Amino acid sequence: MGLVSALMTDSMTELSAQDERLLRRSIEVSASAVANGNMPFGAIMADPDGNVLLEAENTGITGRNDLNHAETVLMNMAVTTLTPEQIATATLYTSCEPCAMCAGAMYWGGLNRMVYGMSEIDLLEITSADPDDQNMRGVGCRNIFDTGQRYIEVSGPHLVEEASAVHIAFWAAGGPQDPTLELSPHDEALLRRAIDVATRSVANGNLPFGALLADPDGNVLLEAENSDITGKSTLNHAETNLMRLAVSNLTAEQIATATLYTSCEPCAMCSGSMYWGGLNRMVYGMSEHHLLEITGAHHLNPTMRGVGCRNVLHSGQRRIEVSGPHLIEEASQIHHHYWGTHT
Ligand SMILES: [Zn+2]
Ligand SMILES: [Zn+2]
């Protein structure tokens, strides 16, 4: 078999109806991963008759382990629950071309056939626009398999549009979220109230930012407006003001069990205040990147390009739950008005 025909059988084969159905199933699993608070990757393993043997979602976020790629999770399940014969005759379907680690897991786990959706390069194109992007540029999964001591049949990319749609939607919705992806009505009402505090801050002569702290029953403990202008300090961000109030007026227990709601994603200073003040849960409205788009280099608020509040809050020594962005349109409304009319 010449190179061209080898390529024909490998990458460019038409998917059988059975393969297509099962690959589509892995894409559904990738969407389910997002619904469960993880990254949009899914993989399944099926026997030669097309019966699904195992399914696995990415569990990197909820499992707090960045090695929990869907395919590696699946291969770990396979080697502990299936016989070598079952794995050797099975096909693995994955929504996205496996990375080097996952391709290696397939090789070492004894798999002989794999079908994938979008390519690693397709994925990189989607994720590279995001500052949190950590995707490998990739050597291509075939290059990994080709270095092994047995032939592994690979087919892909396939159903690229369907597979990418999950990723595009995921990043458009703000990327990785904590499991509390949907706001509870209770959270939503309190976040809306923080946006009202931002409006009041402007009425009181300051910048359009507001934050509040609520107990687990949703009772408001403290509120804070921005006071940069009237307080003559550019450090008087709403969230830092709030955390200063909290540490001097509340008990450590009250702060530890409270949720902070802020109209806009906190900057590095404010995120640090939350960490050092003992907060464990935070919900925010619009993102810092979105704010930057609106303020530009405005002298009253030269918004930082930002590392993302999660990168600050998740770099600490305890887990802080973060949820956002939410209510983006409501939260950004005042900014669209304010920054154009104040010089
Ligand atoms: Zn991987
Ligand atoms: Zn701040």
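## Overall picture

Among contacts between residues at least 6 apart in sequence, 62% in the protein chain join residues at least 24 apart. Keep in mind that this is a predicted model. The protein chain has 343 residues, and 43% of them count as buried. Its secondary structure adds up to 15 helices and 10 strands. Taken along the principal axes, the C-alpha atoms fill a box of roughly 80 × 40 × 30 Å.

## How far to trust it

Mean pLDDT for the protein chain comes out at 89, with 93% of the residues at 70 or more. The stretch to watch is residues 1-9, where pLDDT stays under 50 and the model has two contacts beyond four places in sequence. Where pLDDT is low, the predicted coordinates should not be read in detail.

## The sheet from S1 to S5

Start with the open sheet of five strands ordered S2-S1-S3-S4-S5, whose pairing is mixed. Its edges are strand S2 (52-57) and strand S5 (153-155), each of which pairs on one side only. On average, neighbouring strands here are turned by 15° against each other, ignoring direction.

Inside this sheet, strand S1 (residues 42-46) and strand S3 (residues 91-96) are antiparallel partners joined over four bridges. If you want a spot to zoom in on, isoleucine 44 stands opposite tyrosine 93 in S3. Helix H2 (residues 17-35) lies across S1, S2, S3 and strand S4 (113-118), and runs at about 145° to S1.

## The sheet from S6 to S10

Another open sheet has five strands in the order S7-S6-S8-S9-S10, again with mixed pairing. Strand S7 (220-225) and strand S10 (321-323) sit at the edges with a single partner strand each, so one side of each has no neighbour in the sheet. From one strand to the next, the twist averages 15°.

Strand S9 (residues 281-286) and S10 run parallel and are joined by three bridges. Methionine 282 has valine 322 in S10 as its bridge partner. Across strand S6 (210-214), S7 and strand S8 (259-264) lies helix H10 (residues 238-249), which runs at about 140° to S7.

## Helix H15 and its two sides

Helix H15 (residues 328-341) makes a neat length check: at 1.5 Å a residue, its 14 residues should span 20 Å, and the end C-alpha atoms are 21 Å apart, which agrees.

Now look at which residues are tucked in: Ala331, Ser332, Ile334, His335 and Tyr338 are the buried residues of H15. Viewed down the helix axis, these fall within an arc of 150°, so they line one face of H15. That buried set packs against helix H9 (185-203), S8, S9 and helix H13 (288-295). Over on the other side of H15, Glu329, His336, Gly340 and Thr341 are exposed.

## A closer look at isoleucine 255

Isoleucine 255 belongs to helix H11 (residues 252-257). Is this residue buried or exposed? Burial takes 20 or more other C-beta atoms within 10 Å; isoleucine 255 has 21, so it counts as buried.

Leaving aside residues up to four places away in sequence, isoleucine 255 touches Ala246, Leu250, Gly277, Gly278 and Leu279. Glycine 37 is 218 residues away from isoleucine 255 along the chain, and their C-alpha atoms are separated by 25 Å.

Notes
Residues are numbered from 1 along each chain as its sequence is written. Chains are lettered from A and ligands numbered from 1 in the order in which they are written. This is a predicted model: local features need pLDDT of at least 70, side-chain atom pairs count only at pLDDT 80 or more; totals for chains, interfaces and linings use all residues. Two strands pair if DSSP finds at least two bridges between them. Helices (H or I, at least four residues) and strands (E, at least two) are DSSP runs, numbered from the N terminus. Axes are lines fitted to C-alpha atoms, for helices over the stretch in contact, and angles run from 0 to 180 degrees between N-to-C directions. Two residues are in contact if their C-beta atoms, placed from the backbone, lie within 7 Å. A residue is buried if 20 or more other C-beta atoms lie within 10 Å of its own, exposed if 12 or fewer, and partly exposed in between; C-beta atoms are placed from the backbone. pLDDT is the predictor's confidence in each residue, from 0 to 100. The expected span of a helix is 1.5 Å times one less than its number of residues. The arc is that of the directions from the helix axis to the C-beta atoms.
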